[in-house]
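Visitor: I would like to learn how to read the charged and nonpolar features of a protein model. Could you take me through them one at a time, with the general idea before each case?

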Amino acid sequence: MPLTSYDKKVLSSIFMIEQEGVIDFLDNIVEGSDILLEIDDHTEDVTFKLQKLYRKGKTMREIMDYINSLITEFLSTNGDLSEAEVQSEDLYFMDHVNFEWTKNIIKEAKQLEEDTNKSKKLKTWEHSYKKAVESGVNIQELDESIKTLITKHLRNMKGAKMKKKKKKKYNTKKKIKKKS
């Protein structure tokens with residue numbers, strides 16, 4: 001299924017996040033870019049947008065091909081950036097000049113979507129199995145390898161969707177009791 005103009009617009013907006021940081025970085029190679037330091041703030045939003053594209057039937061190949069065309073276009077207009085690549089890796093531990101963050105997010109979103117789909121299917125199957133056992137259908141007991149596989153996939157899904165819990169701050173000062 002080819003990318004629609006809307007899909008391309010979404011992918012362009014995702015690409016623009018890192019592109020703005022790279023442009024800022026190229027203007028201030030010595031100091032670096034604050035935009036690239038804060039790029040991880042966009043991870044959740046970008047991952048959600050990419051998952052929506054995957055749910056619409058877009059493939060990682062289609063998405064990567066379009067992003068690579070945007071990268072090629074950007075790099076062709078900016079000349080030799082080999083020094084900037086090295087500087088980017090030194091400052092950020094990631095090659096932002098070649099849009100490594102964007103490529104990694106695309107891969108992570110695909111993996112998250114696959115894990116979610118597997119877990120949904122397993123949850124549905126597990127529910128059906130439990131209902132069948134409750135209604136008295138004669139079904140063989142699951143062996144441990146199947147149970148382990150189901151558990152693993154269910155945990156992957158829960159881990160992907162769980163939000164960080166806030167820890168309560170306890171008063172660390174001990175109360176001093178008065179002696180009578």
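Guide: Let us begin with surface patches, for which one cut-off is needed: a patch is made of residues with over 30% relative accessible area and no salt bridge, and like charges are joined within 9 Å. Please keep in mind throughout that this is a predicted model.

Visitor: Which residues form the negative surface patch here?

Guide: The negative patch on the surface brings together Glu-31, Asp-34, Glu-38, Asp-40 and Asp-41. To place one of them, Asp-34 belongs to helix α2, which covers residues 34-37, and because its relative accessibility is 53%, Asp-34 counts as exposed.

Visitor: What residues form the nonpolar patch on the surface, and how much accessible area do they have together?

Guide: For nonpolar side chains the joining distance is within 5 Å. In this model Val-133, Val-137 and Ile-139 make up such a patch, and together they have about 220 Å² of accessible area. Ile-139 sits in the loop between α6 (100-134) and α7 (144-161), and with a relative accessibility of 35% Ile-139 is classed as partly exposed.

Visitor: Before we turn to charge pairs, what does the secondary structure of the protein come to?

Guide: The protein has seven helices and zero strands, so that a reading along the sequence gives the pattern α-α-α-α-α-α-α. Of its 180 residues, 32% count as buried, and the accessible surface comes to about 13400 Å², with 53% of that belonging to carbon and sulfur atoms. As for contacts in the protein with a separation of 6 or more, 74% are accounted for by residues 24 or more positions apart.

Visitor: How many salt bridges does a search of the whole structure find?

Guide: The general idea is that side chains of opposite charge can pair when their charged atoms come close. Here the search of the whole structure finds five salt bridges, and one of them joins Asp-7 to Lys-56, with the closest N and O atoms 2.7 Å apart. That pair links distant parts of the chain, since Asp-7 is in helix α1 (residues 5-27) while Lys-56 is in the loop between α3 (43-55) and α4 (60-76), 49 residues apart.

Visitor: Is Asp-7 buried or exposed?

Guide: Asp-7 counts as buried because its relative accessibility is 0%, whereas its partner Lys-56 is partly exposed, with a relative accessible area of 39%.

Visitor: Which other side chain meets Asp-7 in a salt bridge?

Guide: The side chain of Lys-58 meets that of Asp-7 in a salt bridge, at 3.2 Å from N to O. This pair also links distant parts of the chain, with Lys-58 in the loop between α3 and α4 and Asp-7 in helix α1, 51 residues apart. Lys-58 is buried, with a relative accessible area of 4%, and Asp-7, Lys-56 and Lys-58 are thus read as a linked network of salt bridges.

Visitor: What does the side chain of Glu-113 meet in a salt bridge?

Guide: Glu-113 pairs with Arg-55 in a salt bridge, at 3.2 Å from N to O. Because Glu-113 lies in helix α6 and Arg-55 in helix α3, the pair ties together parts that are 58 residues apart in sequence. In this pair Glu-113 is buried, with a relative accessible area of 6%, whereas Arg-55 is partly exposed at 47%.

How values were computed:
Residues numbered from 1 in each chain as written. Predicted model: local features only at pLDDT ≥ 70, side-chain atom pairs only at ≥ 80, totals over all residues. Heavy atoms only, no water. Areas by Shrake-Rupley, 256 points an atom, 1.4 Å probe, with all protein chains shown as cover. Salt bridge = Lys/Arg side-chain N within 4 Å of Asp/Glu carboxyl O. Lys, Arg positive; Asp, Glu negative; His and termini not counted. Charge placed at Lys NZ, Arg CZ, Asp CG, Glu CD. Helix = DSSP H or I, 4+ residues; strand = E, 2+ residues; numbered from the N terminus. Buried < 20%, exposed > 50% of the residue type's maximum accessible area, 1.4 Å probe, protein only. Contact = heavy atoms within 4.5 Å.
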